[in-house]
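Trainee: Before we start, could you take me through the reasoning behind the labels used for this model, one label at a time?
Mentor: Gladly; let us look at it together.

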Amino acid sequence: MKNIYLVGMPSSGKSTLGKELAKNIGYSFMDMDKLIETREQKTVSEIFSNFGEAHFREIEKKTLRGFQPDQSMVIATGGGVPCFNDNMDFIKQNGVSVFLNVDVNDLAKRLYKAQGNNRPLLDKTQSEEVVIASIKKTFEERLPFYQQADVQVDGEITVSQLLWLLDQYLPV
């Protein structure tokens with residue numbers, strides 16, 4: 001069965017929805033950032049600060065390409081995964097992609113509140129206004145990649161609504 005790749009900004013709900021979706025359809029669930037942290041024995045933030053973003057993006061690419069098509073997996077990608085190394089092309093060729101589109105203002109609030117939660121591209125010393133402006137800029141830069149997804153949904157979607165939308169992509 002086709003893999004389902006969830007894409008979107010950090011804190012858009014990919015892991016939360018992904019776990020529930022996988023459980024509902026009998027798929028395995030994988031959070032790419034957690035997989036990378038386990039394999040590298042470092043947090044994403046530590047990888048960024050010790051080795052740089054380019055190194056991290058290469059690890060993401062290798063991790064993504066380690067997923068074989070038709071493994072019956074729901075995969076929560078890291079927020080930047082679709083935007084680098086032709087990863088969105090790989091995702092689209094090897095499964096069904098779903099963009100969780102959360103209002104950028106809601107996203108900014110969620111991310112600002114979660115600043116201490118391992119978000120490498122946020123400067124935790126900045127004011128709320130500066131952080132929110134940075135998140136909005138990142139969202140705008142990433143949006144053209146996210147919009148290539150097979151399915152685009154509001155970030156507040158339920159699993160049953162998502163299953164209905166995915167019906168045409170998944171065999172009975």
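Mentor: This is a predicted model, and a good place to begin is Lys-14, whose side chain has a polar atom 2.9 Å from the backbone oxygen of Gly-8.

Trainee: What makes the pair of Lys-14 and Gly-8 a polar contact?
Mentor: The cut-off for a pair of N or O atoms is 3.5 Å, and the distance from the side chain of Lys-14 to the backbone oxygen of Gly-8 is 2.9 Å, so the pair is within the limit.

Trainee: Why is Lys-14 called buried?
Mentor: Its relative accessibility is 8%, and buried means under 20%, so Lys-14 counts as buried. Lys-14 is found in helix H1, and, residues up to four places away in sequence not being counted, Lys-14 touches Leu-6, Val-7, Gly-8, Met-9, Phe-29, Ala-76, Thr-77, Gly-79 and Leu-100.

Trainee: Why do Gly-13 and Ser-15 count as partly exposed?
Mentor: Gly-13 has a relative accessibility of 24% and Ser-15 one of 23%; since buried requires a value under 20% and exposed one over 50%, with partly exposed in between, both residues count as partly exposed. Gly-13 sits in the loop between strand E1 (3–7) and H1, whereas Ser-15 belongs to helix H1, which spans residues 14–25. With neighbours within four places in sequence left aside, Gly-13 is in contact with Gly-18, Leu-100 and Arg-110, and Ser-15 with Phe-29, Asp-31 and Ala-76.

Trainee: How do you know that Gly-13, Lys-14 and Ser-15 carry the label "binding site"?
Mentor: That label comes from the record: an unreviewed UniProt entry places the feature "binding site" at Ser-11, Ser-12, Gly-13, Lys-14, Ser-15, Thr-16 and Arg-119. The feature "binding site" is also placed by UniProt, again in an unreviewed entry, at Asp-33, Arg-57, Gly-79 and Arg-142.

Trainee: Why are Gly-79 and Arg-142 counted as buried?
Mentor: Gly-79 is at 9% relative accessibility and Arg-142 at 8%, and because the limit for buried is under 20%, both count as buried. Gly-79 lies in the loop between strand E3 (73–76) and helix H5 (87–94), while Arg-142 lies in helix H7, residues 128–146.

Trainee: What links Arg-142 to Gly-79?
Mentor: The side chain of Arg-142 reaches the backbone oxygen of Gly-79 at 3.4 Å, which is within the 3.5 Å cut-off for a polar contact. Arg-142 is also among the residues in contact with Gly-79 once neighbours within four places in sequence are left aside, together with Gly-8, Pro-10, Lys-14 and Tyr-146.

Trainee: Is Gln-93 buried or exposed, and why?
Mentor: Gln-93, in helix H5, has a relative accessible area of 64%, and the threshold is over 50%, so Gln-93 is exposed.

Trainee: How do you know that the radius of gyration of the protein chain agrees with a compact globule?
Mentor: For 172 residues, a compact globule would have a radius of gyration near 16 Å, and the protein chain has 15 Å, so the value agrees. Of those 172 residues, 45% count as buried, and the chain has 8 helices and 5 strands.

Technical notes. Residues numbered from 1 in each chain as written. Predicted model: local features only at pLDDT ≥ 70, side-chain atom pairs only at ≥ 80, totals over all residues. Heavy atoms only, no water. UniProt positions renumbered as here; feature names shortened; annotations may be inferred. Helix = DSSP H or I, 4+ residues; strand = E, 2+ residues; numbered from the N terminus. Buried < 20%, exposed > 50% of the residue type's maximum accessible area, 1.4 Å probe, protein only. Contact = heavy atoms within 4.5 Å. Polar contact = N/O pair within 3.5 Å; in protein donor to acceptor, adjacent residues only side chain to side chain. Rg over C-alpha atoms; globule rule 2.2 N^0.38 Å.
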